[in-house]
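Subject: Handover of a structure

Dear colleague,

Please find below the structure that I am handing over to you. My notes on it follow directly after.

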Amino acid sequence: MRAFDRIELDALTPVGSALHRPECVLCTSDGAVIVSDWAGGVCRIGSDGAQRRLLATNAPIDLRPNGIALLRDGSFLLANLGPEGGVWQLSPSGDVDPFLLEVDGLAMPPTNFVLVDAQERIWITVSTRVEPRADAYRPDIDDGFIVLVDRRGARVIATGLGYTNEAQVHPSGEWLYVNETFARRTSRMRIADDGTLGTRETVTEYGPGTYPDGLCFDEAGGFWVVSIVSNRVIRVAPDGIQSLLLEDVDQEHLDQVEVAFQSGQMGRAHLDTIRSQLLRSTSSIAFGGVERRLSYLGCLLGERIMRFEAPIAGVKPAHWNWRMR
């Protein structure tokens, strides 16, 4: 197994400015980085650093984009973490329309993440139906679920997950990997030809202080996971061995958060107030640059994102050659 050196904080470069909760980050082959914008859309940061926001002009609700997905036509799907929930489609002109507000006869609650795969199927994760959502920041809550939208329509294809967060289709196309934040594990399920998912398998589990959020694959068969609160970047090798490559944390504060988690007392305050030097509750990771060797880190609490040079290239995402219009 190849060993990777630890990434020091002074190797990080800031990208963007005055961003609004850039939780999710996407990269495209033209060098652009696109992040979710809490004001109701997305923000594109060009290779020259120029920023352009695309915000919904006609949203009938308080739209709070969490996960975002770029479509072939240049529009975006927005996973709405606002109280009305669901997934919305944002056109290049700024018009926004419902994409999925109900599935299997039930309203979509606040929705976490949305992914477009190589077959242009749509995978959607919902962390919990618990209200308020902070009451589900516990290891014994497992009402998260996954929705698939394809030519057959929309349907729930997986339930019983521990705060479902980012999901990615394995480069082989055979598995769906998903982070379960407060179950503290990455799971996978085999994908059948009709999109049905098999039994959940645990790929790896995480220890104290790690709350897995973002997820992406590299070209050597490993995957990268980022943790909120502790600002950790972990690479999981094909054999399941974890390597902690980066973290930015105040250990005393993290210990306090861990005590709250273990006692079932974790709440919004533990996620909204962290102590760190540069990283502000890292939530997403994407590989960009010409050779996909630049890693970009989305975050929950910062007004910019961070970048570092990765020791290995990332897998090309389905949207790699598409463009925000």
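Which backbone oxygen does the side chain of Asn80 reach? In this predicted model, the side chain of Asn80 reaches the backbone oxygen of Gly85, at 3.2 Å. Asn80 lies in strand β7, which covers residues 76–80. The relative accessibility of Asn80 is 0%, so the residue counts as buried, the cut-off for buried being under 20%. Leaving aside residues up to four places away in sequence, Asn80 touches Ile61, Asp62, Leu63 and Arg64, together with Gly85, Gly86, Trp88, Pro110 and Thr111. Gly85 thus appears both in the list of residues touched by Asn80 and as the residue whose backbone oxygen the Asn80 side chain reaches.

A second residue to look at is Ser283, in strand β24 (residues 282–288). Ser283 also counts as buried, because its relative accessibility is 0%. Its side chain reaches the backbone oxygen of Glu23 at 2.8 Å. Glu23 is also among the residues that Ser283 touches when those up to four places away in sequence are not counted. The others in that list are Glu166, Asp213, Gly214, Val226, Ile228, Gly298, Cys299 and Leu300.

The third residue is Phe308, found in strand β26, which spans residues 305–309. With a relative accessible area of 1%, Phe308 is buried. Apart from residues up to four places away in sequence, Phe308 touches Ile7, Ala11, Leu12, Trp224, Leu246, Arg293, Leu294, Ser295 and Leu297. Glu102 is 206 residues from Phe308 in sequence, and the C-alpha atoms of the two are 39 Å apart in space.

Finally, I would draw your attention to one of the sheets. Four strands form an open sheet in the order β12-β13-β14-β15, with antiparallel pairing. The edge strands, each of which pairs on one side only, are β12 (113–116) and β15 (153–161). On average, neighbouring strands of this sheet are turned by 20° against each other, direction ignored. Within the sheet, strand β14 (residues 144–150) pairs with β15 in the antiparallel sense over 6 bridges. Val149 stands opposite Ala154 in β15.

With kind regards

Notes:
Residues numbered from 1 in each chain as written. Predicted model: local features only at pLDDT ≥ 70, side-chain atom pairs only at ≥ 80, totals over all residues. Heavy atoms only, no water. Helix = DSSP H or I, 4+ residues; strand = E, 2+ residues; numbered from the N terminus. Buried < 20%, exposed > 50% of the residue type's maximum accessible area, 1.4 Å probe, protein only. Contact = heavy atoms within 4.5 Å. Polar contact = N/O pair within 3.5 Å; in protein donor to acceptor, adjacent residues only side chain to side chain. Pairing = 2+ DSSP bridges. Axes fitted to C-alpha atoms, helices over the stretch in contact; angles between N-to-C directions.
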